[in-house]
Amino acid sequence: MREEPGIPPAGLPVDDALPERIGVLVLGGGLAGAAALLAAAEAGQYAVLLEKTAAFGGSTVRSAGLSAFVGTDEQVAQGIADSVELLRKDLLEVGGHVNDEALVDLYCDEQLGTYRWLKGHGVRYGHIHAASGQSAPRSHPTDTTAMLRALFSAAGRLGARLVLGADVKRILHDGSRVTGVLVERDGVTREVLADAVVLATGGFSRDRAMLERFAPQMAQALLAGGEGNHGDGLRMAMKLGAGLRDLPYVKGTYGIFHEPHPGEDGTGILAVYKGAIAVNRHGRRFVDESIPYKALGDASLAQPTARTWQVFDAKVMAASNDEVPIYDFGGRERAEMLETADTIEELATRLGTDPGVLEATVADYNSRIAAGEPDPLGRVHLVGGVGQRTPIDTPPFHAQLSGTVVLATYCGVTVDTSMRVLDVFGDPIPRLYAAGELVGGFHGAGYMTGTSIGKSAIFGRVAGTAAAAEESELEW
């Protein structure tokens, strides 16, 4: 994978010193934190964001940059029929109906307003694609670095500030409410007081020990995500008695290159969603390739060596799109991350599959499509409920050796619809809020593409607004 991506401080409203007293203190420099910071500043509060690493961006700048929105200008321009009702249905079905329905409803109610809020601050979206868990195309791609810069800059114009290298060790609590945090910076530990604290610290995708504790099924997965994603915010909230949701459903993402490579941007590719098939090291298909990529990750982990191949032809390669990293097949070819051959037989030799197996697998797949026969693994569409199967029959043929990576954990603290963190009894921990990846309950047992970036913006905005409404004696 590439060296730690991130947004340097140049041109952003960064302070070198820690303030002593803050209205709304936001922890974490990804999209959830940026949205909370800007919303709090727009509500008239003195808001400051602390980021423990040397750059901003978190997992946001490592993502494919897709947001799941409905009713947008881009959907209308492309003639896409979609609805909030269908969005809600998809979210609950993909989540196995173990989601917190109140959070699903909050997402659905706030998504269009947040989309327009983001566009009002200069965020721009490209061509919409269908993706995992979506009954209609609703993945809106954007440049995540440009998006974060726009939000940070807008917050700065309202007086908000950013501080790098601030490693928060504990949340301070006076017995009745959260009062601030204990921060280590430049070798010095000190208290920073705040009227409200918003946790936007991400998950624990970089912490092998926490994954072994909470998600042992990810033992053979690769680890990625934000550099600082070691579960700090989750641990601090747990110390205050926060409740937890969705930990049993931690999953990895399918399609990552099987070993570190400079051409791997951390998202992997999903050629399967444009018509590829997934085969194991023997050359046999093992899964319905249209299912959500988290479920694909589970299926791949269950195969011998936990590494599988995405096999596709020139028609799929022609659908390459460098605007969307998961569909940038051409970039993988240029980076020499694909095996390529003029025939399936030659490709099978390059892959080292069992003699004749890959050839028979592709022939059977193609013949069933030609005959209109059902797929034995249940595949009907290319992804979710969108697109029809096409034969793999046009040379040259390609394959990428793919693994499963934990990019994000999508589980965490319990919250209400104001993003207040709830304790194990369901009562709010006064003046503590959360947004982004460390919020549990929204995704449930599965993940729909675009809802990580989507909920970071939506729930971050809600959290910042609610935190700013806390009673304050601060004048600035």
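This dialogue looks at the salt bridges of a predicted model.

Reader: Why can two side chains of opposite charge pair?

Author: They can pair when their charged atoms come close. In this predicted structure, the count comes to 27 salt bridges.

Reader: Which residue forms a salt bridge with D393, and how far apart are the closest N and O atoms?

Author: The partner of D393 is K315, and the closest N and O atoms of the pair are 2.8 Å apart. D393 lies in the loop between β16 (386–388) and β17 (397–406), while K315 belongs to helix α9 (residues 314–317), so this salt bridge ties together parts that are 78 residues apart in sequence.

Reader: Are D393 and K315 buried, exposed or partly exposed, and what are the values?

Author: D393 is partly exposed, with a relative accessible area of 43%, and K315 also counts as partly exposed, at 36% relative accessibility.

Reader: What can be said of the salt bridge between E373 and R368?

Author: In that pair the closest N and O atoms are 3.7 Å apart. E373 counts as partly exposed at 36% relative accessibility, and R368 is likewise partly exposed, at 23%.

Reader: How are R420 and D416 placed, buried or exposed?

Author: The side chains of R420 and D416 meet in a salt bridge with an N to O distance of 2.6 Å. R420, at 34% relative accessibility, counts as partly exposed, whereas D416 has a value of 17% and counts as buried, because buried means under 20%.

Reader: Which residues are joined into one network by salt bridges that share partners?

Author: Such shared partners link R285, E289, D375, R379 and R389 into one network.

Notes: Residues are numbered from 1 along each chain as its sequence is written. This is a predicted model: local features need pLDDT of at least 70, side-chain atom pairs count only at pLDDT 80 or more; totals for chains, interfaces and linings use all residues. Side-chain values use heavy atoms; hydrogens and water are left out. A salt bridge is a side-chain nitrogen of Lys or Arg within 4 Å of a carboxyl oxygen of Asp or Glu. Helices (H or I, at least four residues) and strands (E, at least two) are DSSP runs, numbered from the N terminus. Buried means under 20% relative accessible area, exposed over 50%, partly exposed in between (1.4 Å probe, protein chains only).
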